[in-house]
Amino acid sequence: MSQYTQPHQPQQPYTPAQSPGTRPARNGLGIAALVLGIVGTVSGLVPFFFWLAGILGLIALILGLAGRGRAKRGEATNKGVTTFGAVLGLVALILSVVGAVLTFKAVDDVVTDINEAVADSSASAKPAAGGGGAAGGTEGKDDVLRGGDSAAYDDGLEITVDAPAPYTAGEFAIGHTKGNSAYTVSVVIENKGKEKFDAALVTVDARAGEDGVNAEQIYDDKTGEGFTGTVLPGKKITAKYAFDAPADAKNLTVEVAPGFEWDASQWELKL
């Protein structure tokens, strides 16, 4: 009689019953709050970066509060880090407010200084003795300065333009057009202030006729050099300028600008 043998079954490896595992701690919010809080606080120490400190501080505070909520629910284990991050975020916000106040105050002071400097550069008219210029004491832009009148600035600078004189340009002159008339004007700058004056920045321009066409400056062997060097307190300097005007022009408007910090003054001269 045959005996039946049951086929051998492969033994399955033993697998223990799985126990419920713990979820990993979610500490990301606390770490982010700490990093942003540190960067925001450091940025807040520089008043100009108040805007960066404010942004980072606000984000750090929000993340820190959210991270504390996770820690209370047992989802995070870095409650101390999260709290410190939130505190640094609040500090960064306070520093941003202080920085904004300091920055705006500094900008306001600079604007005030600029306005004062511009106001100090205004000129008043000083008519020549016996001349017909406007009375002094008013702003130069409202006065009509004539030949021989002076524009006196508040810092002690005084500019005088003499009446124009006919001029014969040299054979190789630059700026003179055949058929036009040439005129010279003498410009005197006297420094009655306490600081030396840089005359190299002075510009002198002219317009001719009723239409105010540009009067080209003439350069030859006698005119065109202009002002150079500096003028010490109590000293004066003189330069002669030649301008080309249409033959039928009856007047010449000369404008002198002492520099970037001063208002330009104008003289209405009869030809």
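Which residue forms a salt bridge with Glu158? The legends below get to that pair, and to several other spots in this predicted model.

**Figure 1. The whole chain, before zooming in.** Let's start with the overall picture: the secondary structure adds up to 3 helices and 13 strands. The chain has 271 residues, and 37% of them count as buried. If you take contacts between residues at least 6 apart in sequence, 68% of them join residues at least 24 apart. As for the outside, the chain exposes about 16900 Å², with carbon and sulfur atoms supplying 59% of that area.

**Figure 2. Lys192 and Glu158, a salt bridge between a loop and a strand.** Here's the answer to the opening question: the partner of Glu158 is Lys192, and the closest N and O atoms of the two are 3.1 Å apart. Lys192 sits in the loop between β5 and β6 (197–198), while Glu158 belongs to strand β3, so the salt bridge ties together parts that are 34 residues apart in sequence. Is Glu158 buried or exposed? Glu158 is buried, at a relative accessible area of 10%, whereas Lys192 is partly exposed, at 47%.

**Figure 3. Lys236 and Glu190, a salt bridge between two strands.** In this view Lys236 pairs with Glu190, and their closest N and O atoms lie 3.9 Å apart. Lys236 is in strand β11 and Glu190 is in strand β5, so this pair links parts 46 residues apart in sequence. Lys236 counts as exposed, because its relative accessibility is 53% and the cut-off for exposed is over 50%.

**Figure 4. Glu75 and Arg26, part of a small network.** A search of the whole structure turns up 5 salt bridges, and one of them joins the side chains of Glu75 and Arg26 (3.3 Å, N to O). Glu75 comes from the loop between α2 and α3, and Arg26 from the segment before α1, so the pair ties together parts 49 residues apart in sequence. Both ends are partly exposed: Glu75 has a relative accessible area of 25%, and Arg26 has one of 37%. Arg73 comes into the picture too, since salt bridges that share partners join Arg26, Arg73 and Glu75 into one network.

**Figure 5. The largest nonpolar core, with Phe227 in view.** As a general rule, nonpolar side chains in soluble globular proteins tend to be buried together. In this model the largest nonpolar core has 30 residues, and the ones touching the most other members are Phe227, Val254 and Val256. Several strands each supply at least two residues of this core, including β2 (150–153), β3 (157–161), β7 (203–208), β12 (251–257) and β13 (265–270). Which strand gives the most to the core? That's β11, with 5 residues. Now look around Phe227: leaving aside neighbours within four places in sequence, Phe227 is in contact with Val187, Ile189, Ala199, Ala200, Val202, Ile237, Thr238, Ala239 and Tyr241. There's also a second, separate core of 6 residues, among them Tyr167, Ala173, Ala182 and Ile218.

**Figure 6. Thr223, a buried loop residue.** Thr223 lies in the loop between β9 (216–217) and β10 (230–231). Being in a loop doesn't put Thr223 on the outside here: Thr223 is buried, with a relative accessible area of 5%. Where does the side chain of Thr223 reach? The side chain of Thr223 comes to 3.3 Å from the backbone oxygen of Ile218. Not counting residues up to four places away in sequence, Thr223 touches Tyr167, Thr184, Ile218, Lys240 and Ala242. You've just met Tyr167 and Ile218 in the second core.

**Figure 7. Leu45 and a nonpolar patch on the surface.** Leu45, Val46, Phe48, Phe49, Trp51, Ile55 and Ile59 make a nonpolar surface patch of about 690 Å². Leu45 is found in the loop between α1 (28–44) and α2 (50–72). At 61% relative accessibility, Leu45 counts as exposed.

**Figure 8. Gly80 and Gly30, separated in sequence.** Gly80 has its place in helix α3 (residues 79–120). With a relative accessible area of 52%, Gly80 is exposed. How many residues apart in sequence are Gly80 and Gly30? They are 50 residues apart in sequence, and in space their C-alpha atoms are 8.6 Å apart.

Terms used. Residues numbered from 1 in each chain as written. Predicted model: local features only at pLDDT ≥ 70, side-chain atom pairs only at ≥ 80, totals over all residues. Heavy atoms only, no water. Helix = DSSP H or I, 4+ residues; strand = E, 2+ residues; numbered from the N terminus. Buried < 20%, exposed > 50% of the residue type's maximum accessible area, 1.4 Å probe, protein only. Polar contact = N/O pair within 3.5 Å; in protein donor to acceptor, adjacent residues only side chain to side chain. Contact = heavy atoms within 4.5 Å. Core = buried A, V, L, I, M, F, W, Y, C linked by side-chain atoms within 4.5 Å. Areas by Shrake-Rupley, 256 points an atom, 1.4 Å probe, with all protein chains shown as cover. Patch = residues over 30% accessible without salt bridge, like charges linked within 9 Å, V, L, I, M, F, W, Y side chains within 5 Å. Salt bridge = Lys/Arg side-chain N within 4 Å of Asp/Glu carboxyl O.
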